Amino acid sequence: MSLLSDLEDRIAAAVEGVFAGAFRSPIQPAEIAKALARAMDDRTAVGVGKVYAPHVFTVALSEEDDDAIGPFRPTLAGELATFLTGHAAERGYHLAARPRITFAVHDDLKIGRIRAAAESAPGTEPEPDADADASPEPEPLESRSPAAPPPLIPSPHTMATVTVSGIEHDVVLTGDRVTVGRLASCDITLIDANVSREHAAFVREGTGWAIEDLGSTNGTMLEGEPVTWSRLRDGDRVTLGTSELTYHEPRR
């Protein structure tokens, strides 16, 4: 099954057929998905050994079309983000974070017309390839603005992390709660039809973390046993659908 067919099937299943009957705009989900995929392809950048893809997207549309999709905006954004994650994986792109999609009204667009734009969030641009063309001549010192201090990024060596099947880099657990599911609004988005939209959450417990099932359809397994809530130990394997997540304590 193609990514677009899978997208349409999942949207239809998510709203139990209501989407097609109530979605009166001439814009269809597959059309938006194609435009977003093109925007992603156009904004890829070559880094050190990787091709980086943008993960922040805006879909511009008319006011009438925006009104038509209004009730379904969260569902549509979540499924489009899942589609883009699959599109990136299919082409070998590296994503710095899960895709994030917003809709914006542009007065110059007529009904049935859309415009998709893509960009990377500040601070996630790839490192330049060592073989890339030489950079342009630097500006004179007197014309430069003062350099901003680098952002403070927590080191994964001092924080708990999760290895996620299908994601090539470990995910750092931050804050007090990290949600996992198929929705783009989840902190960890999984491309897995057996995973619920909001399936489970990693919850901070003192100096450690626990796993909590969020009433998922297929349940949450810890080391092969179903759990609703359980404290985690280093190396514990959490299974959601067919996806496996391995918990790692901070390195001391």
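**A buried glutamate and its partners**

E79 is buried, because its relative accessibility is 1%, below the 20% cut-off. This glutamate is a good place to enter the structure, which is a predicted model.

E79 sits in helix 5, residues 73-91. Its side chain forms a salt bridge with R197, and the closest N and O atoms are 2.9 Å apart. R197 lies far along the chain from E79: the two are 118 residues apart, with R197 in the loop between strand 10 and strand 11. At 23% relative accessible area, R197 counts as partly exposed.

E79 has another salt-bridge partner, R182, with an N to O distance of 3.3 Å. Here too the pair links distant parts of the chain, 103 residues apart. R182 belongs to the loop between strand 9 (177-181) and strand 10. R182 is buried, because its relative accessibility is 13%. Side chains of opposite charge can pair when their charged atoms come close.

Now turn to a salt bridge at another site. The side chains of R115 and D108 meet at 3.2 Å, N to O. R115 is partly exposed at 38% relative accessibility, whereas D108 is exposed at 54%. Back at the glutamate, shared partners join E79, R182 and R197 into one network of salt bridges. The whole structure holds 9 salt bridges.

Stay with the loop between strand 10 (188-189) and strand 11 (200-205), where S196 is also found. S196 counts as buried, because its relative accessibility is 14%. Its contacts, leaving aside residues up to four places away in sequence, are G181, R182, S216 and T217. So S196 touches R182, and R182 in turn bridges to E79. A polar atom of the S196 side chain lies 3.0 Å from the backbone nitrogen of T217.

Next comes the sheet. Six strands form an open, antiparallel sheet in the order 8-7-17-16-13-14. Strand 8 (171-172) and strand 14 (225-227) are its edges, and each pairs on one side only. Within the sheet, strand 7 (residues 161-164) runs antiparallel to strand 17 (residues 243-248), and 4 bridges join them. V162 has Y247 of strand 17 as its bridge partner.

Finish at helix 3, residues 29-42. Its 14 residues should span 20 Å at 1.5 Å a residue, and the end C-alpha atoms are 20 Å apart, so the expected and modelled spans agree. Buried residues of helix 3 include P29, A30, I32, A33, A35, L36, A37, A39 and M40.

Note on methods
Residues numbered from 1 in each chain as written. Predicted model: local features only at pLDDT ≥ 70, side-chain atom pairs only at ≥ 80, totals over all residues. Heavy atoms only, no water. Buried < 20%, exposed > 50% of the residue type's maximum accessible area, 1.4 Å probe, protein only. Polar contact = N/O pair within 3.5 Å; in protein donor to acceptor, adjacent residues only side chain to side chain. Contact = heavy atoms within 4.5 Å. Pairing = 2+ DSSP bridges. Expected span 1.5 Å × (residues − 1). Salt bridge = Lys/Arg side-chain N within 4 Å of Asp/Glu carboxyl O.
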